[in-house]
Amino acid sequence: MNAPIIHRPSPAFIAASWVALLLGAVAYLVGLFNAEMPLNEKGYYLTLLLFGLFAAVSLQKSVRDRVEGIPVSGLYYALCWFALLSALLLLLVGLWNATLVLSEKGFYGMAFALSLFGAVAVQKNTRDLIAAGGGEGSRRTSSVPPLPEQE
C-alpha cells in the first residue's frame with residue numbers, strides 16, 4: 001500500500017484554523033458569560049462546548065489514524081461518533097427548550113459549530129505538520145511504535 005503524500009498546510013490555512021477555533025470558542029464563552037441564565041444552565045452549555053471539542057478532535061484523530069493504517073478499535077471509533085453526535089443532540093435539545101430569543105439560539109449554535117470546525121482544522125494542521133516533519137513531533141521519531149504482542 002502506498003503511503004499518502006502529506007503536504008504542509010499553508011500558513012494562511014493554519015492561521016484561519018486558529019482564528020476559527022478561537023473566534024468560535026471566545027464568542028460562545030462571552031455570550032455564555034453575558035447570558036442571563038442560571039449558573040447550572042451556563043455550566044451545561046460550557047460542558048457541552050468542552051465535550052463537543054474533545055469529541056470532534058478525537059473523531060478526527062481516529063479517522064486519520066485509520067486512513068494512515070494505525071489500528072483504531074471499532075469500539076473507540078464508534079464511541080467517538082457517539083460522543084460527537086451526543087454533544088450536537090444535547091446542544092440542539094438544550095437550545096430548543098431554552099428560554100432564549102431565537103437570535104441567541106442561533107448565535108450559540110453557530111459559535112459551537114465554528115468552534116468544532118476550528119478544532120478539527122487545528123488538529124489536522126498539527127498532524128500534517130508532524131507528518132511533514134515540521135511540527136513538535138519532528139524531534140521525535142516519526143514511526144509508530146509497535147503494538148504489544150497479543151496472546
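**Notes on a four-helix chain**

1. Start with what packs over helix H3: the cover on its buried residues includes H1, helix H2 (39–67) and H4. The buried residues of H3 are Cys-80, Ala-83, Leu-84, Ser-86, Ala-87, Leu-91, Gly-94 and Leu-95. Keep in mind as you read on that this is a predicted model.

2. Does H3 come out at the expected length or not, and what is the check? Helix H3 covers residues 74–97, which is 24 residues, and at 1.5 Å a residue it should span 34 Å. Its end C-alpha atoms are 34 Å apart, so the two figures agree.

3. Now the overall picture. The protein chain has 4 helices and 0 strands, and from the N terminus the order is simply α-α-α-α. Of the 151 residues in the protein chain, 35% are buried. If you take the contacts between residues at least 6 apart in sequence, 73% of them join residues at least 24 apart.

4. On the surface, the protein chain exposes about 10,000 Å². Carbon and sulfur atoms supply 71% of that area.

5. The aromatics deserve a look of their own. The count comes to 5 aromatic pairs. One of them is Tyr-28 with Tyr-108, an edge-to-face pair at 5.6 Å centre to centre, with 80 degrees between the planes. This pair ties distant parts of the chain together: Tyr-28 sits in helix H1 (residues 11–34) and Tyr-108 in helix H4 (residues 102–131), 80 residues apart. Both Tyr-28 and Tyr-108 are buried.

6. Tyr-108 also pairs with Phe-107. Why call that one edge-to-face? The ring centres are 5.4 Å apart and the planes meet at 65 degrees, and the label applies because the cut-off is an angle over 60.

7. Are Phe-107 and Tyr-108 buried or exposed? Phe-107 has 35% relative accessibility, so it counts as partly exposed. Tyr-108 has a relative accessible area of 3% and is therefore buried. The limit for buried is under 20%.

8. Step back and these rings belong to a wider group: Tyr-28, Tyr-44, Tyr-45, Phe-107, Tyr-108 and Phe-112 form one aromatic cluster.

9. One more ring to check while you have the model open is Tyr-77. Arg-66 lies over the face of Tyr-77, at 4.0 Å from the ring centre.

How values were computed. Residues are numbered from 1 along each chain as its sequence is written. This is a predicted model: local features need pLDDT of at least 70, side-chain atom pairs count only at pLDDT 80 or more; totals for chains, interfaces and linings use all residues. Side-chain values use heavy atoms; hydrogens and water are left out. Helices (H or I, at least four residues) and strands (E, at least two) are DSSP runs, numbered from the N terminus. Buried means under 20% relative accessible area, exposed over 50%, partly exposed in between (1.4 Å probe, protein chains only). Contact means heavy atoms within 4.5 Å. Accessible areas come from the Shrake-Rupley method with a 1.4 Å probe; for residues, only the protein chains shown count as cover. Rings of Phe, Tyr and Trp (its six-membered ring) pair if their centres lie within 6.5 Å; planes under 30 degrees apart count as stacked, over 60 as edge-to-face and the rest as tilted. A charge sits over a ring if NZ of Lys or CZ of Arg is within 6 Å of the ring centre and within 35 degrees of the ring normal. The expected span of a helix is 1.5 Å times one less than its number of residues.
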